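User: Hi! I've got a model open here and would like to walk through it with you. Could you help me find my way around?

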Amino acid sequence: VLAQTGAGKSFFVSCVIEEILDRDEKLGKPALIVIDPHGEYLGFGEDEKYANKTKIFNENSIKIATHELSASQICELQPFISPVEKRELAKIIEKLKEEHPAYSMDDLITAIEISDIKANIKAPLVSWLNDLNSSGLFTNVTKPSIDELARVGQLSVIDLSNFIHLRDKQIIVTFIARKLFEARKANKIPPFIFFVE
């Protein structure tokens, strides 16, 4: 949906969402997922008509499980990691998955620090990962789960309005979009409409 600022894009999208949520059950309803950077869709959670069909996920309920990220995905989130650092990171991740499947970012950083990787590769890699870890987004459990987000007839609003840093917002959107795509491709979740404001 393209238009100038103030032309009514969010209003139009809200009307589309209402129409879908109001559809007859016989017609089928997809899951609705909205990336909301400005808190413009939070009203659905307060509206008597839609509150029971709406779930809001904010900064307190959005986390990324480190062990669900490959070396390539971490490098997408931290593009300054060099190819050599990426190769060493992939080896450490592979070893961690065998020994400690639900590892956290702290566990990954510790594994790199105690490894025998050359110091000139280890130091910047630890620094890049500490920088990612400082966002507070990474734990050992992803929240919300993709199943929670993509429920038939439910509007899931990913409220990014209280996230200060653009990079944190980009990390969340990248992770969620990839997870949704992979889960749908594997037929693990129902059809959904994904709105990115």
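User: Let's begin with charges. How many salt bridges does the count come to?

Analyst: Happy to help! The count comes to five salt bridges. Keep in mind that this is a predicted model.

User: Pick one for me. What does Glu 68 meet in a salt bridge?

Analyst: Its partner is Lys 179, with the two side chains 3.1 Å apart, N to O. Glu 68 sits in the loop between strand 3 (64-65) and helix 2 (71-77), while Lys 179 belongs to helix 7, so this pair ties together parts that are 111 residues apart in sequence.

User: Are those two buried or exposed?

Analyst: In between, for both. Glu 68 counts as partly exposed because its relative accessibility is 30%, and Lys 179 is partly exposed with a relative accessible area of 21%.

User: Nice. And which residue does Glu 76 meet in a salt bridge?

Analyst: That would be Arg 178, at 2.9 Å from N to O. This pair also links distant parts of the chain, with Glu 76 in helix 2 and Arg 178 in helix 7, 102 residues apart. Glu 76 is partly exposed at 45% relative accessibility, and Arg 178 is partly exposed at 26%.

User: What about Arg 167, where is its partner?

Analyst: Arg 167 meets Asp 131 in a salt bridge of 2.8 Å, N to O. Asp 131 lies in helix 5 (residues 119-133) and Arg 167 in helix 7, 36 residues apart, so here too distant parts of the chain are linked. Asp 131 has a relative accessible area of 33%, which makes it partly exposed; Arg 167, at 26%, is partly exposed as well.

User: Helix 7 keeps coming up. What does helix 7 pack on?

Analyst: Let me set the scene with the sheet. It is an open one of four strands, in the order 2-5-1-6, with parallel pairing. Strand 2 (54-57) and strand 6 (192-196) are the edge strands, each pairing on one side only. From one strand to the next, the twist averages 15 degrees. Helix 7 (residues 166-185) packs on this sheet and touches strand 1, strand 5 and strand 6. The direction of helix 7 makes about 165 degrees with that of strand 6.

User: How many bridges join strand 1 to strand 5?

Analyst: Five, between residues 31-36 of strand 1 and residues 155-159 of strand 5, and the two strands run parallel. To find the spot on your screen, look for Asp 36, whose bridge partner in strand 5 is Asp 159.

User: Back to helix 7 for a second. I see Lys 169 there. Is Lys 169 buried or exposed?

Analyst: Lys 169, which is found in helix 7, is buried, yet it has no salt bridge. The nearest side chain of opposite charge is Asp 159, and that is 8.5 Å away.

User: So what does Lys 169 touch?

Analyst: Leaving aside residues up to four places away in sequence, Lys 169 touches Pro 37, Leu 160 and Phe 163.

User: Changing topic: how many residues are in the largest nonpolar core?

Analyst: There are 43. Those with the most contacts inside this core are Ile 74, Leu 89, Leu 108, Ile 112, Leu 129, Phe 138 and Ile 158. The elements giving two or more residues to it include strand 1, helix 3 (83-99), helix 4 (105-113) and helix 6 (146-149). Helix 7 supplies the largest share, six residues.

User: Which residues does Ile 112 touch?

Analyst: Not counting residues up to four places away in sequence, Ile 112 touches Leu 89, Ile 92, Ile 117, Lys 122, Leu 125, Val 126 and Leu 129. Apart from the largest core lies another one of 12 residues, among them Val 13, Ile 17, Tyr 41 and Tyr 50.

User: Last bit, the overall picture. How many helices and strands are there?

Analyst: Seven helices and six strands, following the pattern α-β-β-β-α-α-α-α-β-α-β-α-β along the sequence. The C-alpha trace spans about 60 × 35 × 25 Å along its principal axes. Of the 197 residues, 42% are buried. Among contacts between residues at least 6 apart in sequence, 72% join residues at least 24 apart.

User: Great, thanks!

Note on methods: Residues numbered from 1 in each chain as written. Predicted model: local features only at pLDDT ≥ 70, side-chain atom pairs only at ≥ 80, totals over all residues. Heavy atoms only, no water. Pairing = 2+ DSSP bridges. Axes fitted to C-alpha atoms, helices over the stretch in contact; angles between N-to-C directions. Contact = heavy atoms within 4.5 Å. Buried < 20%, exposed > 50% of the residue type's maximum accessible area, 1.4 Å probe, protein only. Lys, Arg positive; Asp, Glu negative; His and termini not counted. Salt bridge = Lys/Arg side-chain N within 4 Å of Asp/Glu carboxyl O. Core = buried A, V, L, I, M, F, W, Y, C linked by side-chain atoms within 4.5 Å.
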